[in-house]
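Visitor: Hello! Could you show me around, and explain the terms as we go?
Guide: Gladly, here it is.
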Amino acid sequence: MSNLVNQAFEHNDPQAFDDLRKLMAADLITDDTGADEAVFLADKGLCEAKSAYDIGNGNGSEQDIIEDLIDREAARVSVWVQENGAELVEKGCTAAGVFVGMKLTPIFGPKAVAVCTKIGEFVGKKIGAIGTKLIDEGTRKIASYAKTLYNKAKTAVVEFAKETLSKLFG
C-alpha cells in the first residue's frame, strides 16, 4: 500500500492514484458505507490529501491548489446532480401533486389525489432535465464566484496585514 501511495503522490501516477481511490472506496464499503458515498469520500479524501501534500512540498501555488479544490468540488456536485437531479425533481413534483390533491379532496372528492399526482409526475418528468441543467449551470457559477471571493479575501488579508505592520512598526 505504501508503494501505491508513493507512486500516486510523489510520482503523480494517475493509475496509482485511481487504484488507491478504488482501494479506499472498497474499504469504506466493507465498513457499511454505501457504494456511491464510498466513491465520493475516497475521491474527496485523496484529492484533499494530495493537495495538502503538494502544498507541503512546494508543488504549485496555494492559489492554484485552492482553485483546483473548488473546481473538483463543483465537478462532484455536478456529477451528483446529473445522476440524481431529474429523479429528485420528479419526486418533488409528485409529492407536490399529492399535497395539492389532498387539499382539493374536500371539493373534488378522492379522485383529486390521483389526478393531481399524475399531473405532478408529468410536470416532474418535463422539468427534471431542465432543472438538472439549471442546477448544474448554477453550480459552475457558484464555483467561479467562490474563486473570486477567495482572491478578494486573500487580497484583503494581505492589505490588512501590511497596514497593521506599518502602523505597528512604522
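Visitor: Why does Ile 119 count as partly exposed?
Guide: This is a predicted model, where local features need pLDDT of at least 70 and side-chain atom pairs count only at pLDDT 80 or more, while totals for chains, interfaces and linings use all residues. Residues are numbered from 1 along each chain as its sequence is written, and side-chain values use heavy atoms, leaving out hydrogens and water. Buried means under 20% relative accessible area, exposed over 50%, and partly exposed in between (1.4 Å probe, protein chains only). Ile 119 has 49% relative accessibility, so the residue counts as partly exposed.

Visitor: What makes Asp 18 and Arg 21 a salt bridge?
Guide: A salt bridge needs a side-chain nitrogen of Lys or Arg within 4 Å of a carboxyl oxygen of Asp or Glu. Here the N to O distance is 3.4 Å, so the pair fits the definition.

Visitor: Is Arg 21 buried or exposed?
Guide: Its relative accessibility is 18%, so Arg 21 counts as buried. Arg 21 also forms a salt bridge with Asp 43, with the closest N and O atoms 2.5 Å apart. Asp 43 counts as buried too, at 10% relative accessibility.

Visitor: How do you know that Asp 71 is partly exposed?
Guide: Its relative accessible area is 36%, between the two cut-offs, so Asp 71 is partly exposed. The side chain of Asp 71 meets that of Lys 147 in a salt bridge, at 2.6 Å from N to O.

Visitor: How many salt bridges does the structure hold?
Guide: There are 14 salt bridges.
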